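Reader: Before I rely on any description of this protein, I would like to hear how each label was reached. Could we take the terms one at a time?

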Amino acid sequence: MQAVTEDRLALLAEMESKYEQKDTEYFVSLLEHPDYVIRTRATCILVDFGGEDKVPYIAKVLKNDENELVRHEAAFSLGQMCYSSSVSPLADATLHDPSMFVRHEAAIALGVVGNKEAKETLQKALNDPDKPVVESAIVALSNIEFMEKLSKNEKFAKLTGG
């Protein structure tokens, strides 16, 4: 375990240098790293770099990563990015991810991005067998409704998304 920790620390130091260089390709390559901590960090960093061109990479993590924590982070990240191109992968995760933890986060993220397709998915998620997913869908739907009908401050509306 000690060697893994030292390897991880060395890699994190390298990642910091690559972060300062805004090396997108480097972080995309880390999305396949065997260490889930590194994959989670790479996901967050790509989101921090910004740009809708990162959505397909994060969506692939959400769809395919074996670790539910990494998929959860990808769902959260897609919500924070707020691109409509995130809705389809988030909708798929909300309805089909095997982990309740990921379905819940994907539903919340849909409430932050919020559009017609998101609403349709969230309506279906009200039938999820796990109560936290249903509750997340209710929160997300109310947030979308608030954004559509009442809010004059888009940033405030997005902050209420969870």
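**Reasoning behind the labels**

Author: Let us begin with Thr 121, which is found in helix H8 (residues 116–125); the model is a predicted one.

Reader: What makes Thr 121 count as buried?

Author: The label buried requires a relative accessible area under 20%, and Thr 121 has 6% relative accessibility, so Thr 121 counts as buried. Leaving aside neighbours within four places in sequence, Thr 121 is in contact with Ala 91, Thr 94, Leu 95 and Leu 110, where contact means heavy atoms within 4.5 Å.

Reader: Why is helix H7 described as largely enclosed by the rest of the structure?

Author: Helix H7 covers residues 100–113 and has 14 residues, and eleven of the 14 are buried, so the helix is described as largely enclosed by the rest of the structure. Among the buried residues of H7 are Arg 103, Glu 105, Ile 108 and Leu 110. Another of them is Val 112, whose relative accessibility of 4% falls under the 20% limit, so Val 112 counts as buried. The C-alpha atom of Val 112 is separated by 9.9 Å from that of Tyr 83, and these two residues are 29 apart along the chain.

Reader: How do you know that the span of H7 is close to the one expected?

Author: From its first C-alpha to its last, H7 reaches 20 Å, and the expected figure at 1.5 Å a residue is also 20 Å.

Reader: What is found at the start of H7, and what just after it?

Author: At the start, a side-chain oxygen of Ser 99 reaches to within 3.2 Å of the backbone nitrogen of Phe 101, and as a polar contact requires a pair of N or O atoms within 3.5 Å, that distance satisfies the limit. Just after H7, Gly 114 takes a positive phi of about 55°.

Reader: Why is H3 called roughly parallel to H5?

Author: The axes of helix H3 (residues 36–49) and helix H5 (residues 68–81) come within 9 Å and cross at roughly 5°. Angles under 35 degrees count as roughly parallel, and the crossing angle therefore makes H3 roughly parallel to H5. Where the two helices meet, the residues from H3 include Tyr 36, Arg 39 and Val 47, and those from H5 include Leu 69, Ser 77 and Met 81. By class, this contact has seven nonpolar, three polar and two charged residues.

Reader: Thr 40 also belongs to H3; is Thr 40 buried or exposed, and which residues does Thr 40 contact?

Author: With 14% relative accessibility, set against the limit of under 20%, Thr 40 counts as buried. Leaving aside neighbours within four places in sequence, Thr 40 is in contact with Val 70 and Glu 73.

Reader: What makes the phi of Lys 22 worth a remark?

Author: Most residues other than glycine have a negative phi. Lys 22, although not a glycine, has a positive phi of about 55°, and lies in the loop between helix H1 (2–20) and helix H2 (24–30). Phi of Cys 82 is likewise positive, near 60°, in a residue other than glycine, and Cys 82 is found in the loop between H5 and helix H6 (87–96).

Reader: Why are Lys 22 and Cys 82 called partly exposed?

Author: Partly exposed lies between the limits of 20% and 50%. Lys 22 has a relative accessible area of 48%, so Lys 22 is partly exposed, and Cys 82, at 28% relative accessibility, therefore counts as partly exposed.

Conventions:
Residues numbered from 1 in each chain as written. Predicted model: local features only at pLDDT ≥ 70, side-chain atom pairs only at ≥ 80, totals over all residues. Heavy atoms only, no water. Axes fitted to C-alpha atoms, helices over the stretch in contact; angles between N-to-C directions. Helix = DSSP H or I, 4+ residues; strand = E, 2+ residues; numbered from the N terminus. Parallel < 35°, antiparallel > 145°, perpendicular 65-115°, else oblique. Nonpolar A, V, L, I, M, F, W, Y, C, P; charged D, E, K, R; others polar. Expected span 1.5 Å × (residues − 1). Buried < 20%, exposed > 50% of the residue type's maximum accessible area, 1.4 Å probe, protein only. Polar contact = N/O pair within 3.5 Å; in protein donor to acceptor, adjacent residues only side chain to side chain.
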